[in-house]
Amino acid sequence: STIVPLFLPCPAVVTVLDLAFKHCPETYAPDDLVMQFRALFGVIRAAHVIAVSQSTARDLMEATGIAEDRITVIPLGVSSAFRPDGPALSPDAFPGADRVRGGCLLHTGGLHPRKNLSRLLEAYAEVRKTMSVPPLIIAGVVTTRWGREVVAQTAERGLSDDVMFPGHVGDAALPAL
């Protein structure tokens, strides 16, 4: 969500993606947590709130007491670039991109503990025991503490040959994946 200025001369409409900081505060740096709570005060003062899911709307009502009629649920959209007949993945998009021509499983986004990538790796390892599965691509920055933990968990589970960490995947490669 956006921080609403304390003295705003007009009504504000605020969009809220989630209240993860309320559910998993331990995954936020102290400064980020303070910022999230400040943003929540702006949400309370907003004339109207857009929530990206019904779950987020419920969380907002519980956390702030905002009336349901002040919240509209509008799911996030998807760019027209994401379509089955889109461009093929360039073999030089990232190291190992040629391995995913037959398909892949993809996680993109933060590598924070609240994303439960440990569980994703566990599930991937279990499925591999009973069937052939394409490579798992975990896109995102792995140089953070949490990113390094995900890479270490991948190695501990013996998945290093089948889980790829290309780093940030640009807008040109992402639709192809």
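Tutor: Let's start with a definition: a residue is buried at under 20% relative accessible area, exposed at over 50%, and partly exposed in between, using a 1.4 Å probe and protein chains only. The model above is predicted, so local features need pLDDT of at least 70 and side-chain atom pairs pLDDT 80 or more, while totals for chains, interfaces and linings use all residues. Residues are numbered from 1 along each chain as its sequence is written, and side-chain values use heavy atoms, leaving out hydrogens and water.

Student: Is Ala39 buried or exposed?

Tutor: Ala39 is buried, because its relative accessible area is 1%. Ala39 sits in helix H2. Helices (H or I, at least four residues) and strands (E, at least two) are DSSP runs, numbered from the N terminus. In space, Ala39 and Val4 are 7.0 Å apart, C-alpha to C-alpha, with their positions 35 residues apart in sequence.

Student: Which residues of H2 are buried?

Tutor: They are Leu33, Gln36, Ala39, Leu40, Gly42 and Val43. Their cover includes E1, H1, E2 and H3.

Student: What span should H2 have?

Tutor: The expected span of a helix is 1.5 Å times one less than its number of residues. For the 16 residues of H2 that should be 22 Å, and the end C-alpha atoms are 23 Å apart, which agrees.

Student: What about the outside of H2? Is Phe41 buried or exposed?

Tutor: Phe41 belongs to H2, which runs over residues 30–45. Phe41 counts as exposed because its relative accessibility is 54%. Together with Phe37 and Ile44, Phe41 makes a nonpolar patch on the surface, with about 280 Å² of accessible area in total. Patches consist of residues with over 30% relative accessible area and no salt bridge; like charges are joined within 9 Å, and nonpolar side chains (Val, Leu, Ile, Met, Phe, Trp, Tyr) within 5 Å. The areas come from the Shrake-Rupley method with a 1.4 Å probe, and for residues only the protein chains shown count as cover.

Student: How many residues does the largest nonpolar core have?

Tutor: A nonpolar core is a set of buried Ala, Val, Leu, Ile, Met, Phe, Trp, Tyr and Cys residues joined through side-chain atoms within 4.5 Å. The largest one here has 18 residues, and those with the most contacts inside it are Val16, Val43, Val49, Leu60 and Ile71. At least two residues of this core come from each of strand E1 (13–16), helix H1 (20–23), H2, strand E2 (48–51) and helix H3 (54–64). H2 gives the most to this core, with 3 residues.

Student: Which residues is Val49 in contact with?

Tutor: Contact means heavy atoms within 4.5 Å. Setting aside neighbours within four places in sequence, Val49 is in contact with Val14, Val16, Val43, Leu60, Ile66, Arg70, Ile71 and Thr72.

Student: Could we look at a buried residue in another helix?

Tutor: Try Thr154, in helix H5 (residues 145–156). Thr154 counts as buried because its relative accessibility is 2%. Not counting residues up to four places away in sequence, Thr154 touches Leu121, Leu159, Ser160, Val163 and Phe165.

Student: How many salt bridges does the count come to?

Tutor: Side chains of opposite charge can pair when their charged atoms come close. The rule asks for a side-chain nitrogen of Lys or Arg within 4 Å of a carboxyl oxygen of Asp or Glu, and by it the count comes to 5 salt bridges. One of them joins Asp85 and Arg83, at 3.0 Å from N to O. Asp85 is exposed at 59% relative accessibility, whereas Arg83 is partly exposed at 42%.

Student: Which residue forms a salt bridge with Arg119?

Tutor: Glu122 does, with the closest N and O atoms 2.8 Å apart. The two are 3 residues apart in helix H4 (residues 117–130), so about one helical turn separates them.

Student: Where does Asp162 lie, and where does Arg128?

Tutor: Their side chains meet in a salt bridge of 2.6 Å, N to O. Asp162 lies in the loop between H5 and strand E6 (163–167) and Arg128 in helix H4, so the pair ties together parts 34 residues apart in sequence.

Student: What phi does Asn116 have?

Tutor: Most residues other than glycine have a negative phi. Asn116 is not a glycine, yet has a positive phi of about 55 degrees. Asn116 lies in the loop between E4 and H4 and is partly exposed, with a relative accessible area of 43%.
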